[in-house]
Amino acid sequence: MEWRKASPAPVLFVSGPEEYFAGRAIRSVRELLRKQDSSLEIHEIEAADYSAGTLTNITSPSLFAEPRLVIIRGLEKCSDDLISDGIEYLSNPTDDTTVILRHNGSSVRGKKLVEAIRESEIAAEVVCADIKKDSDRQAFVLGEFAHEGRKIAPAAVRALLDAFADDTAELAAACNQLMLDSAESITEEIVDRYYGGRVETNAFKVADAALAGRSGEAMALLRHALATGADPVPLVAAISMKIRQMAKIYVNRSASATTLGMAPWQLDRARKDLTGWTDDGLAAAIQATASADAAAKGAERDPIYSLEKLVNLISNKGIVAGNRR
């Protein structure tokens, strides 16, 4: 069962490491059950604290026959009693009861119960796979908008991913905020209007301006980012990511986006950024990036100077300003 379409089942197994997806799925099921019957009884249990007989007691038929939802979290830390009671419950579930078991996949604890759930005809599984690649994040954003019947331009997706590089919950909240905008299709300009001040966006704008050869603009953006509290480390990281992508393509011009571990738009952008670069220039940029990264992490007393030298070098395609032939 896809996490966005999670629906009630006698036993619902929510598996996988992405906590945001799991939370959304569980919340969706809870809201659906409440809409069906406002008298829904909800019980939440930590698997590590479970004691024998608890599941039987909670799910036993009551005098008023209220529907029940039992949410058991942390199945990867479950007690032996839960394994035994859970397997027994699968063979004799209670009517009008939904039991949700959450397992983040961090351990093999409870393997016997997990196998029994997956073999059971009354159970359904919601898989919450981790978001590891840019292509995963891109698919997530497109899925959020498609789920609500909204449109977002490819450039807007790229800008949004630049602004929210790591946190899935923040990325989802940003998508929801953008969908409140009345525009027929969300554009890059709209994303920039809402989130242009974020550190991550500033970092990538610095990198983009430098790679486009706009030295003055890149330096102004860099100093603005630093003046508004940006940490040098993510600024260097943004530039480093761009340089790594360019280096990958430089040695394998015909490789596909999938082979290089990039989204198609990243491949196109990196190929465009490579225009005018030479072997020596790219090597110099890689070395300067490594030096700036070390400086930003404490190797030098003045990391800002190293970062400014890096931006200047990249703006000149790996050639130190004043040393052009």
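In this predicted model, helix α6 is mostly covered. Of its 10 residues, 8 are buried. They are A156, V157, R158, A159, L160, L161, D162 and A163. The set thus named includes R158 and D162 alongside L160 and L161.

L160 reaches well beyond its own stretch of sequence in the contacts listed for it. Leaving aside neighbours within four places, L160 is in contact with V141, I152, L171 and A174. C175, L178, V191 and Y195 are also in contact with L160.

L160 also belongs to the largest nonpolar core, which has 44 residues. Together with F140 and V141, L160 is among the residues with the most contacts inside this core. Several elements give two or more residues to the core. The strands are β1 (11-15), β3 (68-73) and β5 (123-127). The helices are α1 (19-36), α5 (134-147), α6 (154-163), α7 (168-179) and α8 (188-195). The largest share, 7 residues, comes from α1. A second core is separate from this one and has 36 residues. Among its members are A203, M219, L222 and I239. In soluble globular proteins, nonpolar side chains tend to be buried together.

Helices α1 and α7, both contributors to the largest core, also pack against each other. Two packed helices are described by the angle between their axes and the distance between the axes. The axes of α1 and α7 come within 9 Å and cross at roughly 55°. Helix α1 is therefore oblique to α7. On the α1 side, the contact is made by Y20, F21 and R24. On the α7 side, T168, A169 and A172 take part. By type, the residues of this contact divide into 4 nonpolar, 1 polar and 1 charged.

Two single residues complete the description. Q245 lies in helix α11, residues 232-250. Its relative accessible area is 10%. Buried means under 20%, so Q245 counts as buried. Not counting residues up to four places away in sequence, Q245 touches M262, Q266 and A270.

D96 lies in the loop between α3 (80-91) and β4 (97-103). D96 has a positive phi of about 55°, although it is not a glycine. With a relative accessible area of 57%, D96 is exposed. Q245, by contrast, is a buried residue.

Key:
Residues numbered from 1 in each chain as written. Predicted model: local features only at pLDDT ≥ 70, side-chain atom pairs only at ≥ 80, totals over all residues. Heavy atoms only, no water. Core = buried A, V, L, I, M, F, W, Y, C linked by side-chain atoms within 4.5 Å. Buried < 20%, exposed > 50% of the residue type's maximum accessible area, 1.4 Å probe, protein only. Helix = DSSP H or I, 4+ residues; strand = E, 2+ residues; numbered from the N terminus. Contact = heavy atoms within 4.5 Å. Axes fitted to C-alpha atoms, helices over the stretch in contact; angles between N-to-C directions. Parallel < 35°, antiparallel > 145°, perpendicular 65-115°, else oblique. Nonpolar A, V, L, I, M, F, W, Y, C, P; charged D, E, K, R; others polar.
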